[in-house]
Structure formats: structure tokens, C-alpha cells
Amino acid sequence: MMSLFQHPIPWDKNLLSQYDMAGPRYTSYPTAPQFRNTFSEKALRNAIDRSNRSRRPLSLYFHIPFCDTLCFYCGCNKVVTHNKNRALPYLHRMIQEMALYAELVEPGRTVKQLHWGGGTPTFISTDEMSLLMKSTRRLFTLAPVDDGEFSVEIHPGRVSIDTMRHLRQLGFNRVSMGVQDFDERVQVAVNRYNTLDQVSRLVNALREQHYRSISMDLIYGLPMQSLRSLQDTLHKVIDLQPDRLSIFNYAHLPHLFKSQQLIHEADLPDASEKLDMLQQSIEQLQATGYVYIGMDHFAKPDDDLAIAQREGRMQRNFQGYSTHGDCDLLAFGVSSISRIDNVYLQNAKELNSYQQKLDMDMLPFERGFTLNTEDQLRRFIINQLICHFHLDFNEVLHQFGVDVRHHFSRELERLTPMVEDGLLCLDEQRLQVNNAGRMLIRRICMVFDEYLQTGEQIRYSKII
């Protein structure tokens, strides 16, 4: 029997254009612009105490910001340098940060999920990789090899098969690679290079090394990209059979990201062509058996992410959709964001500031946010919608003691046009997002975002 998530997505270009607007990606709720510099260490310590009492498992994230080259489209917090000597002092400070948190976290709590992101984590040497992983195992209790999900982001054009073998020996079992596009003109326009041959050889090696899951990222809407060139790239990617695949919308925000000023706006596809690219990509992927997880994520039906969604265990965090919704997230490194019990906290965004705080033996967070009861209620609702595309009102009543029909009467009223347009169904017991509404799930979630009603001007990317 076909799962709901495998049903074809209806495509109404006029309807999508009508609802397409700027809005959050909801990797958290409240979203990062709401974090405040007044967040205190006392609030953090109290949250860790509550987290310890809960005995929830842990997820660890490590932000390694260094890159050898500049990809013009990139909006990540990165440090572009050829100086490999910059890595080790930074790693020592991350290890110091880990040690500060390890003193606060109850010993023995299992780490079920671990992720190295960036930047380009494989910028560091194999000896430095061993140092970081050995230190992690010394300070935290990692799940047995292959019982947890331990993943690393890589640039497939700049990593060796020997390096990937070393990472596998360290316990990594999942790889996320940024392919972006195979078209040479696009690669020149964004200064990001990886050939089909390089990626193919790497994928074959990863399978021989028994990596459990291979994920690939593509971007649509890049300069020099066309409907035909993206289709060609997608055919090549599908032939490689990644377990997961993401296809992100390129958001051109040169006022926020200086590297994007190197992209010529005249070379960008227009909004109508971008919609065609997205439609074509979704149809191609669904036709070849991929499950449309939501937003920009796809997975094979037997992948852990698709299984977690079917079983209602999936959540959304700062790395996107996650299989482990039961974990508290500790994040280390410059600009990284933790989620511990009912708080978020973000480390200093500037490398010097991050390092200086640690040199003074201080936790290097710069700002944060403590969720009140209303925030936690709305976070639950947005997570249910963006991950599972439905909301059971009785479940909200059971968990929060809140009658959705009464408490959110204004929000439900604002959903009326979406009901009339066939995006969702609403009755006395539940809200169900139809397949026609799944492309616009961010827009639906925005109705329940209390902070969007304040009038504060925050620049978000377009939904589609």
C-alpha cells in the first residue's frame, strides 16, 4: 500500500505563487532572530539540570568552519583559508568547550546522534579527526558503533577515499555530500567543483566501506542553471542511488552574504523557471521511488529518515529533519546552536570572540532563549505540522491541557482561505495537511508563529 508521503504532489503554479512569501524554515521555534543577548548562564545551568533529571539521550553537533575555497552561493558561517595550522588550536578549544559541558551533564547519558558540520570538516587532518573523536568518547558516552547515527558533511571534490576510510574507522556511518550541480557552467559561476567521476568513485568506495547512509545535496536556482541542465544533474544523481537527497532553493541575499556579491544576478533563473525546476525535480524523484519527506528532503522508503517519519519519531532541528526527536542537542564550535530542555543557546558567531571566551574558561555562548509554556506549545504544533503534516487536537489536550479549537481560534480562522484552496482539511478533532499543501507547509506553520505577529522586520528567504 502506498504511504501518504509517496503520493504525487499536485501542482498548481498559480496557487503556489499566491502563497509564496518569505518565511522561517523552522529549524527551531522560536526562530534564531528571537534569541537574546540577555540569556544567562544560570538559565543554561537550570536547563541542564532539568535535562539531567529527564535522562534524555544526547545529540552532539560540532561546527568546523574552515574551507579551502569559497563557494559563492554559501551562507554558512565559514573561514576560508589554505592555512591548515589554524585547525588544531580551534579543535583544542572545542575540546575545552566539551569538557566544560561534560562537567555539567550527568555521566552515562547516551549520545545517539553526532554530526560534524561546517565549513568543510574534512579540512582537518586525519590525526586531528582522531583527536577530536577520541576526546568526544572520553568526555561523553557514545552509543555502540552503528547503533547511533554519526554523520559528517563532505565536499566530494575535495576529499580522499582514504580519509573516508579513516572516518569510518572512527565510527562515522553516514555521509552528507554537497554535490549542488554537475553542469560545468554552473560550477564555474559558483566556484564549486566536483565531477561525476569523482562522486561516482567516492560513492562506490563509501558503500565498500559499509557506510549505512549516503545523502546528497543539490541546489536549484543557481546562476547559469536551466531546467534541462538541472534535469541532467538529477538523472546522474538518481543513478548513484543516494539514500537521502535534499534539493534546496538558492536564496540570493547578497546584502547578508558577501560571497554572493560575486554572483551575477543576470545569470540567475527567474522565479517562474525556479518553480518549474522544483516541480520537475519532485516529479523525477517520486517517479523513481523516493519519499518526499517534506520541504526540500527526500529519502528511500527503507531509509531511517523515512521510517522515523512513518513512526512519528521525526523532528526538525538546526541540521534539518532528524531521526532522533527524543534527544537534547549540545552544539560545539563557533556560531553553533544547542537545544537543551526548554532553552536554545547560540555560541559567539565570530571566531575570535568564541576563542577568547574559552581562553577565559567561559562557556562561549553569546545569546539564547528560554521557552515559556506558550512557546513550547507552539513549538510542538509547528513540529507536528512540518514533520508529519497533521495535528491531533486530542494529543495537544493530553500533553498540554489545551483545547486547540478555543486557544487557537484566531489561528484556525486564518487558515480558512487555505482550507478553501484545498491545502488542508480542518474538523473538530484534527488539522490535516493535504498533498496540495505540503509544498506550502512553511506558510501553514507561520499562522501559529506568535512572533511573526509583532511587526518586527526580519528578512527570511522565500518559501519556494
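**A residue and three helices in a predicted model**

R443 sits in helix α18, which spans residues 441-446. The model examined here is a predicted one. R443 counts as partly exposed because its relative accessible area is 21%, and buried residues must fall under 20%. Beyond its neighbours within four places in sequence, R443 is in contact with Y19, M21, M418 and I463. A further link in space joins distant parts of the chain: the C-alpha atoms of R443 and G23 are separated by 7.1 Å, although the two residues lie 420 residues apart along the chain.

Helix α9 can be followed from one end to the other. At its N-terminal end, D270 acts as a cap, with a side-chain oxygen 3.2 Å from the backbone nitrogen of S272. The helix itself covers residues 271-287, 17 residues in total, and reaches 24 Å from its first C-alpha to its last, close to the 24 Å expected. Its buried residues are K274, L275, M277, L278, Q280, S281, I282, Q284, L285 and Q286. Among the elements that cover them are helices α1 and α8, along with strands β8, β9, β10 and β11. Just after α9, G289 adopts a positive phi of about 100°.

Helices α3 (residues 87-102) and α4 (residues 126-139) offer a view of helix packing. Their axes are 10 Å apart and meet at an angle of about 5°, which means that α3 is roughly parallel to α4. On the α3 side, the contact includes L88, L91, I95 and M98, while α4 contributes residues including L131, L132 and L139. By class, this contact has eleven nonpolar, three polar and two charged residues.

Key
Residues numbered from 1 in each chain as written. Predicted model: local features only at pLDDT ≥ 70, side-chain atom pairs only at ≥ 80, totals over all residues. Heavy atoms only, no water. Helix = DSSP H or I, 4+ residues; strand = E, 2+ residues; numbered from the N terminus. Expected span 1.5 Å × (residues − 1). Buried < 20%, exposed > 50% of the residue type's maximum accessible area, 1.4 Å probe, protein only. Contact = heavy atoms within 4.5 Å. Polar contact = N/O pair within 3.5 Å; in protein donor to acceptor, adjacent residues only side chain to side chain. Axes fitted to C-alpha atoms, helices over the stretch in contact; angles between N-to-C directions. Parallel < 35°, antiparallel > 145°, perpendicular 65-115°, else oblique. Nonpolar A, V, L, I, M, F, W, Y, C, P; charged D, E, K, R; others polar.
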